[in-house]
Amino acid sequence: MTVKVSVIGLGYLGATHAVAMVELGHDVIGIEPDQIKLESLRNGILPFHEPGLGSALTRAIASGRLKFSSSHNQESAAAEIHFICVGTPQKPGSAAADTSYVMAAAKDLAKWVSKTAVVAGKSTVPVGTAKLLRDSMSEIAGFNIHLAWNPEFLREGTALEDSLRPDRLVIGAWEEYSVERLKAVYKPILDLGTPFLALDVPTAELVKVAANAFLATKISFINAMAEVAEVSGGDAVALAKAIGYDERIGNKFLRTGIGFGGGCLPKDIRGFVARAEELGVGSAVEFLRHIDAINLRRRDKVVELAKVELGNLHGKRITMLGISFKPDSDDLRDSPALEISQRLTAAGATVTVHDPVSLDALSSRSPELNREGDLVEAMREADLTILGTEWKLYREADPHLLGSLVATKTVIDGRNVLDVPAWQKAGWKVIALGRSIVNG
Ligand SMILES: NC(=O)c1ccc[n+]([C@@H]2O[C@H](COP(=O)([O-])OP(=O)(O)OC[C@H]3O[C@@H](n4cnc5c(N)ncnc54)[C@H](O)[C@@H]3O)[C@@H](O)[C@H]2O)c1
C-alpha cells in the first residue's frame, strides 16, 4: 500500500530515509530549508558521500515519487505520515543536545498537519522531548497530534541498507493508531521478519541514546585496556581478539585505536549525561564522562607519539591518511583524524591530508590543512604518516610499493588495521596504539 509521507530535514538521516521510503513504494515529499542542499538533491546529486545512496536517489527522482520543497505546502500537508529527521547537535558551550531544530520543525509542521496524520520523530533526542513536542504541536494545531517516536539506527557508510534491512524497528507511541499507521508504512520491512518493538514513548527515546552509550563504552573499554597494555608490555589487539571470542562479549566494536567520533556517539553520550543530570540521576550515567575522556585521550596519545618520533614538530611534514570520522563517509563532525591533524598543525607541523572522498568537505572546514588527492604524492615527502581512518585503500595498500616511493618509512597505525609484519618486512617502522609488543 502506497502511503504519502513527508520527510523533514534532508541531512544524512533524512535524505536516506526519504530515498528508503520511495524504495518501499511510498510517495515522498522531502522538506529541507538549506537551499544549496535542496537544489543538489533536486538535481539528483547527493550533498554528501554515502555508498549506494546516489543511484537510489536518481531512481527515486526518476520514479516521480520523490519531490522536494524548502517549506511545507499543500502537498506536504496532505501527507499521512510526517517523519522529523532534523539535527540535534551538541549545544555550543554545553554538553546538552540542542533540541531547538526539532522544536522549530515540529511547531512549523503543526500549522499544516491534518487531524489523521501521524508525526514520527526519528531524530535522536533527550528523553522527554517527544512529550514537549506533542504538547506544543497540539496547542498550535488546536487538536491532539498523533505523535510517535521511531528512532533510527542507520550507520553512515551502510545507511540505505541499514534503513531497508534494520536489526529492529522501534516505535514508541501514546496511541495504538500511530503504531498501526507506522506499521503500514514499514510493512515491506516487517514482512522480512524484522523484530518489531512497540514501546512507551520515553523508552523509545531512550533506546537510541542507550544503544550509542553502550557502543561508546565498548570502544572506550578496549581503549582503556590499550592504555594499560602500552605501559605493561601487552598488546590490546591480541587482548581484544582473546576476549572477543567469549560470545557474551563479542568482537565487534572492540578494535583499539584513535576512538569514536562523528555526528552521533560523542554528542549523544554527552547529551545523555546532561539530560540525566536534569532528571536528578546524573550519577547513573556519570561513567559516560569517563568513556568520553578515555576516547579523547587517544587523540592526545597520537600527538604525543608524533612528538616522541619527530621531536619538535615545527617544520615537520606529517601526512594524515583518512580524515572522515569513519570509512565510506565524508562526515567530518567530531572526527578524531581531523582533530589530531588540527592539533599537529597548531604544534607547528605541516599536515597534508589524503582521503578518498572528504577533501572537498575539508577545504571549508579546515583550510590550514594541505589536501592531496594522490596517495603517493601525499606520502612522498612526509617525515611521518598517520593512518587516521581505516579506508580499504589504506588497509590494502602495498607496503613494498609505497616504501619504494616515500622518503621516510614511519607510520602510526591509528586504527590497528595494517598487517604489521608485512609492513615491517617492507622496511617500515610501524607505531601502533595499544601495542607495546609492536612498538618495543
Ligand atoms: N547521521 C547518522 O548516521 C544518524 C543516524 C541515526 C540518527 N541520527 C540522528 O538524526 C538526526 C539528524 O542527523 P543528521 O546526521 O542527518 O544531521 P544533518 O545535520 O546531516 O541533517 C539535519 C538536516 O535538518 C535540516 N533542518 C534543520 N532545521 C530544519 C527545519 N526546521 N525543517 C526542516 N529541516 C531542517 C538541516 O538543514 C539539515 O539538512 C540527529 O538527531 C542525529 O543524532 C543520525
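The legends below describe close-up views of a predicted model.

**View 1. The shell of residues around the ligand.** In this predicted model, 25 residues surround the ligand, and L13, E32, K37, T88 and K267 come nearest among them. By residue class the shell divides into 12 nonpolar, six polar and seven charged residues. Both domains take part, since domain 1 (4-199) and domain 2 (213-439) each give at least three residues to the shell.

**View 2. Polar atoms of the protein beside oxygen atoms of the ligand.** Three residues are shown here with an N or O atom beside the ligand, and the legend takes them in sequence order. For L13 the atom belongs to the backbone, a N or O atom that lies 2.8 Å from an oxygen atom of the ligand. For K37 a polar atom of the side chain is involved, at 2.7 Å from an oxygen atom of the ligand. For T88 a polar side-chain atom is likewise placed 2.5 Å from an oxygen atom of the ligand. The ligand taken alone exposes 830 Å², and 86% of that area is buried by the protein. The elements that contribute two or more residues to the shell are α1 (12-23) and α5 (100-110).

**View 3. The surroundings of T88.** T88, one of the residues that come nearest to the ligand, is located in the loop between β4 (81-84) and α5. Its relative accessibility is 5%, and because buried means under 20%, T88 counts as buried. In addition to the ligand oxygen at 2.5 Å from a polar atom of its side chain, T88 has polar partners within the protein. One is the backbone oxygen of T124, which lies 2.7 Å from a polar atom of the T88 side chain. Another is the side chain of K267, with which the T88 side chain makes a polar contact at 3.1 Å. K267 is itself listed with T88 among the residues that come nearest to the ligand, so that this view joins a contact within the protein to the shell around the ligand.

**View 4. Helix α1 and the residue H17.** Helix α1 is one of the elements that give two or more residues to the shell around the ligand, and H17 is found in this helix. With a relative accessible area of 3%, H17 is buried. As a reference distance for the view, the C-alpha atoms of H17 and T256 are separated by 31 Å, and the two residues are 239 residues apart along the chain.

**View 5. Strands β1 and β2.** Strand β1 (residues 4-8) is mostly covered, with four of its five residues buried. It pairs in the parallel sense with strand β2 (residues 27-31), and the pairing extends over five bridges. Within this pairing, V7 has G30 of β2 as its bridge partner.

**View 6. The open sheet of six strands.** The strands of this sheet follow the order β11-β10-β9-β12-β13-β14, and their pairing is parallel. β11 (370-371) and β14 (429-432) are the edge strands, each of which pairs on one side only. Strand β9 (residues 317-321) and strand β12 (residues 384-387) are joined in the parallel sense over four bridges, and the bridge partner of L321 in β12 is L387. Further along the sheet, β12 and β13 run parallel and are joined by three bridges, with I386 facing its bridge partner I412 in β13. β13 and β14 also run parallel, joined by four bridges, and V411 stands opposite V430 in β14.

**View 7. The two faces of strand β13.** Strand β13 is covered on both faces: T410 and I412 on one side, and V411 and D413 on the other, are all buried. Two of these residues also appear in the strand pairings, I412 as the bridge partner of I386 and V411 opposite V430 in β14.

**View 8. Two loop residues with positive phi.** D334, which is not a glycine, has a positive phi near 45°, and its place is in the loop between β9 and α14 (336-346). D334 is partly exposed, with a relative accessible area of 25%. N416, also a residue other than glycine, has a positive phi near 55° and lies in the loop between β13 (410-413) and α19 (420-425). At 10% relative accessibility, N416 counts as buried.

Key
Residues are numbered from 1 along each chain as its sequence is written. This is a predicted model: local features need pLDDT of at least 70, side-chain atom pairs count only at pLDDT 80 or more; totals for chains, interfaces and linings use all residues. Side-chain values use heavy atoms; hydrogens and water are left out. A residue is near a molecule or strand if one of its heavy atoms lies within 4 Å of it. A polar contact is a pair of N or O atoms within 3.5 Å; within protein, one must be able to donate a hydrogen and the other to accept it, and residues adjacent in sequence count only if both atoms are side-chain atoms. Accessible areas come from the Shrake-Rupley method with a 1.4 Å probe; for residues, only the protein chains shown count as cover. Ala, Val, Leu, Ile, Met, Phe, Trp, Tyr, Cys and Pro count as nonpolar, Asp, Glu, Lys and Arg as charged, and the others, Gly among them, as polar. Domain bounds come from an automatic or database domain assignment. Two strands pair if DSSP finds at least two bridges between them. Buried means under 20% relative accessible area, exposed over 50%, partly exposed in between (1.4 Å probe, protein chains only).
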